[in-house]
Amino acid sequence: MAEEIGFTKQSWQKLYEKFKQMMDLEISTRNCILSLYDHVKSIEFANQQEKYDRSVCKICANYMFLSYIFCWKCLKKGCISHQSICACSAPQISLYIRYNNEELQGMLAKLESKIRTTGS
Ligand SMILES: [Zn+2]
Ligand SMILES: [Zn+2]
């Protein structure tokens with residue numbers, strides 16, 4: 001996250017709320033995937049800095065920045081929000097994530113401390 005000079009307390013607060021919303025949705029969708037399929041492997045990106053445009057969803061053609069699901073049977077990948085990305089009878093699903101849940105929570109905590117340390 002870029003360190004922006006001159007952010008007001010209010011803008012940190014807004015950023016915090018947006019980030020929290022996004023994070024809560026991301027984590028609950030991840031949990032949903034993990035419970036939806038048997039033996040889902042959760043795999044962190046080998047390179048956290050990997051360019052987001054390397055991963056394009058087969059279904060909606062959006063870039064997938066935070067995470068995607070991948071089926072080893074048909075080699076398709078897609079947004080985790082679709083939950084199901086292929087028509088395989090027994091899909092072999094892996095969940096690829098850029099940041100794990102702890103890392104996301106750490107970023108949120110950083111934003112929170114920005115709110116506290118920025119004078120209004
Ligand atoms: Zn998609
Ligand atoms: Zn498949």
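This passage describes the secondary structure, the sheet and the helix packing of a predicted model of a protein chain.

The secondary structure of the protein chain amounts to 2 helices and 4 strands, and these elements follow the order α-β-β-β-β-α when read from the N terminus. Taken along the principal axes, the box filled by the C-alpha atoms of the chain comes to roughly 55 × 25 × 25 Å.

The 4 strands form an open sheet with the order 1-4-2-3, in which the pairing is mixed. Its edges are occupied by strand 1 (41–44) and strand 3 (77–78), each of which pairs on one side only. In general, the strands of a sheet pair through backbone hydrogen bonds, and the pairing may be parallel or antiparallel. The parallel sense is found between strand 1 and strand 4, which are joined by 4 bridges; within this pair, Ile43 stands opposite Tyr96 of strand 4. Strand 4 (residues 93–97) is also paired with strand 2 (residues 67–71), here in the antiparallel sense and over 5 bridges. Along this antiparallel pair, Ser67 is placed opposite Ile97 of strand 4, while Ile69 is placed opposite Leu95 of strand 4.

The two helices also pack against each other. The axes of helix 1 (residues 9–36) and helix 2 (residues 101–117) come within 9 Å and cross at roughly 165°. Because angles over 145 degrees count as roughly antiparallel, helix 1 and helix 2 are therefore assigned a roughly antiparallel arrangement, and their crossing is left-handed. On the side of helix 1, the contact involves Lys9, Trp12, Gln13, Leu15, Tyr16, Phe19, Lys20, Met23, Glu26 and Ile27, which meet Asn101, Leu104, Met107, Leu108, Leu111, Glu112, Lys114 and Ile115 of helix 2. By residue class, the contact of helix 1 with helix 2 is made up of 11 nonpolar, 2 polar and 5 charged residues.

An annotation can be set beside these elements. For residues 57–107, an unreviewed UniProt entry lists "domain: Zinc finger C5HC2-type". In the predicted model, the C-alpha atoms at the two ends of residues 57–107 lie 25 Å apart, and the span is 14% helix and 24% strand.

Notes
Residues are numbered from 1 along each chain as its sequence is written. Chains are lettered from A and ligands numbered from 1 in the order in which they are written. This is a predicted model: local features need pLDDT of at least 70, side-chain atom pairs count only at pLDDT 80 or more; totals for chains, interfaces and linings use all residues. Two strands pair if DSSP finds at least two bridges between them. UniProt positions are given in the numbering used here, feature names are shortened, and annotations may be inferred rather than shown by experiment. Axes are lines fitted to C-alpha atoms, for helices over the stretch in contact, and angles run from 0 to 180 degrees between N-to-C directions. Angles under 35 degrees count as roughly parallel, over 145 as roughly antiparallel, 65 to 115 as roughly perpendicular and the rest as oblique. A crossing is left-handed if the near helix is turned anticlockwise from the far one by less than a right angle, and right-handed if clockwise. Two residues are in contact if their C-beta atoms, placed from the backbone, lie within 7 Å. Ala, Val, Leu, Ile, Met, Phe, Trp, Tyr, Cys and Pro count as nonpolar, Asp, Glu, Lys and Arg as charged, and the others, Gly among them, as polar.
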